[in-house]
Amino acid sequence: NDSTRRDIDLNFSRNAEELTEVTLEIEKSSLADAEEWIGVDNIEPCGGALVARVFLPDDNSLVNKILSYGGAVKVVSPPGLKQKVKAAAKKIAEGI
């Protein structure tokens with residue numbers, strides 16, 4: 001094996017094209033945790049709700065993170081992510 005540390009890509013950051021614009025509605029009970037996750041500056045009051053508009057990787061780790069909040073974080077958009085979260089929650093509820 002001729003590879004060296006220089007040959008290994010250690011750039012773990014994501015390219016902009018790999019990120020999806022996500023809008024989340026956050027319950028006040030989970031505000032502190034959500035602020036730690038996506039940043040205080042990304043959450044703002046909107047009507048009677050707290051809303052975050054952020055760019056995140058649309059993958060299984062995002063679905064799992066959202067599910068970890070129970071019902072305290074809801075996906076407003078994009079619709080595809082909302083469906084992934086619903087499907088994963090249904091799978092859990094049905095014990096599949």
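## Strands, burial and contacts in a predicted model

Author: Strand 1 and strand 4 are paired in the antiparallel sense, and 4 bridges link them. One of the facing residue pairs is Leu-24 opposite Val-75 in strand 4.

Reader: What makes strand 1 and strand 4 a pair?

Author: Two strands are said to pair if DSSP finds at least two bridges between them, and strand 1 and strand 4 have 4 bridges, so they satisfy that rule. The words strand and helix are themselves defined by DSSP runs, a helix being H or I over at least four residues and a strand E over at least two, with the numbers counted from the N terminus. This is a predicted model, in which local features need pLDDT of at least 70 and side-chain atom pairs count only at pLDDT 80 or more, while totals for chains, interfaces and linings use all residues. Residues are numbered from 1 along each chain as its sequence is written, and side-chain values use heavy atoms, with hydrogens and water left out.

Reader: How many helices and strands are there in the protein, and in what pattern do they follow one another?

Author: The protein has 3 helices and 4 strands, and along the sequence they come in the pattern β-α-β-β-α-β-α.

Reader: How do you know which other strands pair with strand 3?

Author: The same count of bridges is applied to each pair of strands. Strand 1 is joined to strand 3 by 8 bridges, and the two run antiparallel; strand 2 is joined to strand 3, which covers residues 49-57, by 4 bridges, again in the antiparallel sense. Val-51 of strand 3 appears in both pairings, for Glu-25 stands opposite Val-51, and Val-51 is also the bridge partner of Glu-44. Taken together, the 4 strands make an open sheet whose order is 2-3-1-4, with antiparallel pairing.

Reader: Why are strand 2 and strand 4 said to stand at the edges?

Author: Strand 2 (43-46) and strand 4 (73-77) each have a single partner strand, so one side of each is left without a neighbour in the sheet.

Reader: Why is Thr-23 called buried?

Author: The name depends on relative accessible area, found with a 1.4 Å probe on protein chains only: under 20% is buried, over 50% is exposed, and values in between are partly exposed. Thr-23, which is found in strand 1 (residues 19-26), has a relative accessibility of 11%, and therefore counts as buried. Leaving out residues up to four places away in sequence, Thr-23 touches Val-51, Ala-52 and Arg-53, as well as Lys-74, Val-75, Val-76 and Ser-77, where touching, or contact, means heavy atoms within 4.5 Å.

Reader: What makes Ser-30 buried or exposed?

Author: Ser-30 sits in the loop between strand 1 and helix 1 (31-38), and its relative accessibility of 10% is why it counts as buried. Apart from neighbours within four places in sequence, Ser-30 is in contact with Tyr-69 and Ala-72. Over the protein, buried residues make up 27% of the 96 residues.

Reader: How do Leu-19 and Pro-45 come out when they are set against the cut-offs for accessibility?

Author: Leu-19, in strand 1, has 27% relative accessibility and therefore counts as partly exposed. Pro-45, in strand 2, has a relative accessible area of 66%, so it is exposed. The C-alpha atoms of Leu-19 and Phe-55 are separated by 5.5 Å although these residues lie 36 residues apart along the chain, while those of Pro-45 and Ile-26, 19 residues apart along the chain, are separated by 9.7 Å.

Reader: What share of the contacts joins residues 24 or more positions apart?

Author: Among contacts with a separation of 6 or more, 61% are accounted for by residues 24 or more positions apart.

Reader: What kind of peptide bond joins Ser-77 and Pro-78?

Author: The bond is cis, with omega at about 5°, and Pro-78 belongs to the loop between strand 4 and helix 3. Most peptide bonds are trans.

Reader: How do you know what confidence the predictor gives to the protein?

Author: The guide is pLDDT, the predictor's confidence in each residue on a scale from 0 to 100. The mean pLDDT of the protein is 87, and 81% of its residues reach 70 or more. Confidence is highest in strand 4, at 97, and lowest in helix 3 (residues 79-93), at a mean of 94. Where pLDDT is low, the predicted coordinates should not be read in detail.
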